[in-house]
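Shall we walk through this model together? Below is a set of questions with short reasoned answers, moving from the whole chain down to single residues.

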Amino acid sequence: HELRTPMNAILGYTSLILDGLYGEVNPKVEDSLRRVDAAGKNLLSLINSVLDLSKVSAGRMPVHLEEFNLKELGGEVTAMMDCLAKAKGLALEFDAPEELWVRSDKTKVKQVRVNLATNGIKFTASGGVYIEARRAPDASELRIRVRDTGAGISAEDIPQLFQEFKQLDSSSTRAHGGTGLGLVISRKFAELLGGTVDVESREGEGSTFTVTLPLTGEERGPRPAEFGRAAVPAGGKLLLAIDDDPEVLSLLRDSLVGSGYELAGALSGDEGLA
């Protein structure tokens, strides 16, 4: 929060100024503010990636299992990434069976898909990025393949792909930006969900990243803290907080000490309604 809150304030006020809420903005100032906005969003993305990585490494990243349709999720990701692909003149396609249901952490699966699609678009100059999801022949696991027609990766460089803050060469960083954390977080998220991320690639022929996840199974990774309904005496005051991060709920509970309020914390909307 100490990192994210100031950045959100910077981005929020920059957006309000650009929207003309505080008066007219001349073109020179507008151009500068758009640069501030772009740099701020890049920094916020880095902050979020580092915090995700630190949570996983510390064993404090909760896993929330739910049933969801993978074709619908894939459509959301494709719609979100389509503008990036079109800006480079690339095709972006997704294919999956209509009734492919999965029990996993929807947010983390979506993030892995976004990271891999972004990576494919970033390092592909022509052609496209093609994503497909299928059940394994024995129906025990799910396989998501993200194939691009980019420059490809040499065999000796592949092990470096999943090293933190590592890109294959400095020219890649200058040309494409980024910190090298997207693939690292994708593999760690997949492992947290009981799966993995593997890659096959040849120089000049593109790359294929394969995410393998169990279709069903018990929750893996650390369980989030329990937040039951607080015992509120007659006439007492109760505050309901809904947040998928148990650390936020812990912070709120501590901050209410001495306020006269008790906290009922919920980790999901359904839990909050209950």
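Q: What is the mean pLDDT of the chain?
A: This is a predicted model, and a good place to start is the predictor's own confidence in it. Of the residues in the chain, 86% reach a pLDDT of 70 or more. The mean over the chain is 83.

Q: Which element of the chain has the lowest mean pLDDT?
A: Strand β2, residues 91-95, sits at the top of the range with a mean of 95. The bottom of the range, with a mean of 47, belongs to residues 170-176. That element is helix α5.

Q: How many contacts does the stretch 170-174 have beyond near neighbours in sequence?
A: Here the pLDDT is below 50. Where pLDDT is low, the predicted coordinates should not be read in detail. With that caution in mind, the count for residues 170-174 in the model is five.

Q: And how many such contacts does the stretch 217-226 have?
A: Residues 217-226 also have a pLDDT below 50. Beyond near neighbours in sequence, the number of contacts this stretch has in the model is 22.

Q: How many helices and how many strands does the chain have?
A: The chain runs to 274 residues, and 37% of them are buried. Its secondary structure is a mix of both kinds of element: eight helices and nine strands.

Q: What share of the contacts with a separation of 6 or more joins residues 24 or more positions apart?
A: Take the contacts in the chain with a separation of 6 or more as the whole. The part contributed by residues 24 or more positions apart is then 67%.

Q: How much of the accessible surface belongs to carbon and sulfur atoms?
A: The chain's accessible surface comes to about 15600 Å². Carbon and sulfur atoms account for 51%.

Q: Which element gives the largest share of the lining of the second largest cavity?
A: The whole structure holds two cavities of 30 Å³ or more, and the second largest encloses about 30 Å³. Its lining consists of Val109, Val112, Arg113, Ile144, Ala190, Leu193, Val211 and Leu213. Two elements, α4 (106-122) and β7 (206-214), each give two or more residues to it. The largest share, three residues, comes from α4.

Q: How many residues of that cavity lining are charged?
A: The lining of the second largest cavity has seven nonpolar residues and no polar ones. What remains is a charged count of one.

Q: How many charged residues line the second largest pocket?
A: This pocket has a volume of about 280 Å³, and α2 (27-57) and α7 (246-255) each supply at least two residues of its lining. Of the 13 lining residues, Leu51, Lys55, Arg60, Asp245 and Glu247 lie nearest the centre. By class the lining has five nonpolar and two polar residues, and the charged count is six.

Q: Is serine 49 buried or exposed?
A: Serine 49 belongs to helix α2. Leaving out residues up to four places away in sequence, serine 49 touches Leu181 and Ile185. Its relative accessible area is 18%, and the cut-off is under 20%, so serine 49 counts as buried.

Q: Which residues does serine 140 touch, not counting those up to four places away in sequence?
A: Serine 140 lies in the loop between β4 (128-135) and β5 (141-148), and it is partly exposed at 38% relative accessible area. Leucine 213 is 73 residues from serine 140 in sequence, yet their C-alpha atoms are 8.9 Å apart. The residues that serine 140 touches are Pro214 and Leu215.

Q: What is the relative accessible area of leucine 92?
A: Leucine 92 is found in strand β2. Beyond four places in sequence, leucine 92 touches Thr78, Met81, Asp82, Ala85, Val129 and Ile131. Leucine 92 is buried, with a relative accessible area of 12%.

Q: How far apart in space are glutamate 76 and lysine 110, C-alpha to C-alpha?
A: Glutamate 76 is in helix α3 and is partly exposed, with a relative accessible area of 36%. Leaving aside neighbours within four places in sequence, glutamate 76 is in contact with Lys106 and Lys110. Glutamate 76 and lysine 110 are 34 residues apart in sequence, and their C-alpha distance is 8.8 Å.

Technical notes. Residues numbered from 1 in each chain as written. Predicted model: local features only at pLDDT ≥ 70, side-chain atom pairs only at ≥ 80, totals over all residues. Heavy atoms only, no water. pLDDT = per-residue confidence, 0-100. Helix = DSSP H or I, 4+ residues; strand = E, 2+ residues; numbered from the N terminus. Contact = heavy atoms within 4.5 Å. 1 Å grid on protein atoms, 1.4 Å probe; cavity = no way out; pocket = protein on both sides within 12 Å on 5 of 7 lines; lining within 4 Å. Points joined across faces, edges and corners; volume = space filled by probe spheres on them. Nonpolar A, V, L, I, M, F, W, Y, C, P; charged D, E, K, R; others polar. Buried < 20%, exposed > 50% of the residue type's maximum accessible area, 1.4 Å probe, protein only. Areas by Shrake-Rupley, 256 points an atom, 1.4 Å probe, with all protein chains shown as cover.
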